[in-house]
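Welcome! Here are some short exercises to help you find your way around a new structure. Try each task on your own before reading its solution.

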Amino acid sequence: MGPHVQDSHSSPPAEKDLYRDTWVRYLGYANEVGEAFRALIPVKLVWASYGVATAYVTADAIDKGKKAAVSHTKDTRRSVNVAVAVVDTFVWQALASVAIPGFTINRICAASLYLLAKSTRWPLPVRRWTTTAVGLSAIPFIITPIDRSVDFLLDSSLRKLYSEEVPRSGKHTTAPADDSTATKRT
């Protein structure tokens, strides 16, 4: 059977999630990149990077709400399902994609710049570029620990509030049947 031939017993291909399965997901990393470049660029550009990431988070939450609304058209608790999809996605994304990684990269870069000033005689421009490189290279290493920590935090708090109300998978990485709370990072 070729790659394009579908077995009669298999399910149809999953719909591509614009916010998780395409280049758009990288917009959620904008603030981390902005923080890494903070030593080199005007602060207004750093704040603009937060605007891009926040727009991404908001758009993803709205998208998951729309998907929940479509998948629960005949459900009497449709508005609850939609609200849970929007709130869960927005809170998870705001923490795991904006607030915590932005703070983490900011502190890594600040510590790097400080340590380079104390331990080297490198000129300031070299220290700033090095700090930016350190910040950019830290991004791939912080993603998974932050994602898992935010999962744990939400599973231990917010998700308990609505876990009785709406059946769901509980983890951002395992999309529920309606895919209403799928998030950026998998």
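**Exercise 1.** Does Trp47 count as buried or exposed, judged by its relative accessibility?

*Solution.* Keep in mind throughout that this is a predicted model. Start with the cut-offs: a residue is buried under 20% relative accessible area and exposed over 50%. Trp47 has a relative accessibility of 53%. Trp47 therefore counts as exposed.

**Exercise 2.** Find the aromatic partner of Trp47 and describe how the two rings are arranged.

*Solution.* Begin with the total: the structure contains three aromatic pairs. One of them joins Trp47 and Tyr50. To describe such a pair, we need the distance of the centres and the angle of the planes. For Trp47 and Tyr50, the centres are 5.5 Å apart and the planes make an angle of 40 degrees, so the pair is tilted, as this angle is neither under 30 degrees nor over 60. Next, look at where the partners sit: both belong to helix H2 (residues 43-71), and because they are three residues apart there, about one helical turn separates them. Finally, check the cover of the partner: Tyr50, at 15% relative accessibility, counts as buried, whereas Trp47 counts as exposed.

**Exercise 3.** List the secondary structure elements along the sequence, then work out how the span of helix H4 fits its length.

*Solution.* First, the inventory: the protein has five helices and zero strands, giving the pattern α-α-α-α-α along the sequence. Now pick out helix H4, which covers residues 124-156 and has 33 residues. At 1.5 Å a residue, a span of 48 Å is expected. From first C-alpha to last, H4 reaches 44 Å, close to that value. Then follow the course of the helix: H4 bends by about 40 degrees at Ile142. Within four residues after Ile142 comes a proline, Pro145.

**Exercise 4.** Locate Trp92, and state how far its C-alpha atom is from that of Leu153.

*Solution.* Trp92 is part of helix H3 (residues 78-119). Its relative accessibility is 0%, so Trp92 counts as buried. Along the chain, Trp92 and Leu153 are 61 residues apart, and their C-alpha atoms are separated by 9.4 Å. To see the wider setting, turn to the contacts between residues at least 6 apart in sequence: 70% of them join residues at least 24 apart.

**Exercise 5.** What share of the residues is buried, and what supplies the exposed area?

*Solution.* Of the 186 residues in the protein, 40% are buried. The protein exposes about 10700 Å², and carbon and sulfur atoms supply 66% of that area.

Note on methods: Residues are numbered from 1 along each chain as its sequence is written. This is a predicted model: local features need pLDDT of at least 70, side-chain atom pairs count only at pLDDT 80 or more; totals for chains, interfaces and linings use all residues. Side-chain values use heavy atoms; hydrogens and water are left out. Helices (H or I, at least four residues) and strands (E, at least two) are DSSP runs, numbered from the N terminus. Buried means under 20% relative accessible area, exposed over 50%, partly exposed in between (1.4 Å probe, protein chains only). Contact means heavy atoms within 4.5 Å. Accessible areas come from the Shrake-Rupley method with a 1.4 Å probe; for residues, only the protein chains shown count as cover. Rings of Phe, Tyr and Trp (its six-membered ring) pair if their centres lie within 6.5 Å; planes under 30 degrees apart count as stacked, over 60 as edge-to-face and the rest as tilted. The expected span of a helix is 1.5 Å times one less than its number of residues. The bend at a residue is the angle between axes fitted to the seven residues ending there and the seven starting there.
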